[in-house]
Amino acid sequence: MQKYNIVKILATIVTGIGAMVIIGWVFDIQVLKSVSPSFVTMKVSTAISFVMSGIIIYLMNEIKHKNSNFAKISLVAPITVIIFFMTVFLFSSISGIRTGIEDMFIKETEAIRSVTPGRPSISTMTSFIAVVIASLLLTFKPLKNKSFFIIGNIIIATNSLSLIGYASGLSFLYYEIEGWSTAMALHTSIAFVITGTSMIFLSKSNVIQK
């Protein structure tokens, strides 16, 4: 039960980070959007996807500890939202075609360290896709704890590297690649490390079979 409560707390933190950034965009609060004026912003789509990721973590926790069928059904909505954003952004990044969803909610006018305003880092896209893969593995193969553990560690490692980049001032470590990848926002990296940590806790939880 202790792991269950820890994951609930981590899920709430991830959702809260996303919600605070959305508030930052709505009310134009710079510190919520980018932490520092010289840092890249967390994009609106990324913030929404973190809210969805927090919900996914919460639902996965319910599945792992309670084998909740309602939680399994409810996973469809947040997974769909993340898949929509991240697959379209990946297509846009690879093809160079601006799709328009970058400006779906709020248009970013001054995009520091961004290849395309409103489009997140490539690493952000792949990390969210990893979250989706983990949730699908849980739904269809609930005993695959090793998969959870591996995905959680990959997400932590990838985004810890970004934090090292911010600490050392090496922009390529937080995935700023001119003309190809927007830098990863500082609070994006932190939220993903929390997300990966929650997955490791989930990997160490036993499924309750009905």
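**Entry 1: a greasy patch**

I started on the surface, where M20, I23, V26, F27, I29 and V31 make a nonpolar patch of about 550 Å². Patch members have over 30% relative accessible area and no salt bridge, and nonpolar side chains (Val, Leu, Ile, Met, Phe, Trp, Tyr) are joined within 5 Å. A salt bridge would be a Lys or Arg side-chain nitrogen within 4 Å of an Asp or Glu carboxyl oxygen. Areas come from the Shrake-Rupley method with a 1.4 Å probe, and only the protein chains shown count as cover for residues.

Note to self: this is a predicted model, where local features need pLDDT of at least 70, side-chain atom pairs count only at pLDDT 80 or more, and totals for chains, interfaces and linings use all residues. Residues are numbered from 1 along each chain as its sequence is written, and side-chain values use heavy atoms, leaving out hydrogens and water.

**Entry 2: F27**

I found F27 in the loop between α1 and α2 (30-34). Helices here are DSSP runs (H or I, at least four residues), numbered from the N terminus. Is F27 buried or exposed? F27 is exposed, because its relative accessible area is 61% (exposed means over 50%, buried under 20%, partly exposed in between).

**Entry 3: K43**

Next I looked up K43, in the loop between α2 and α3 (44-66). K43 has 2% relative accessibility, so it counts as buried. Its side chain makes a polar contact with the side chain of S114 at 2.7 Å (N or O atoms within 3.5 Å; within protein, one must be able to donate a hydrogen and the other to accept it, and residues adjacent in sequence count only if both atoms are side-chain atoms).

Conventions. Patch = residues over 30% accessible without salt bridge, like charges linked within 9 Å, V, L, I, M, F, W, Y side chains within 5 Å. Helix = DSSP H or I, 4+ residues; strand = E, 2+ residues; numbered from the N terminus. Buried < 20%, exposed > 50% of the residue type's maximum accessible area, 1.4 Å probe, protein only.
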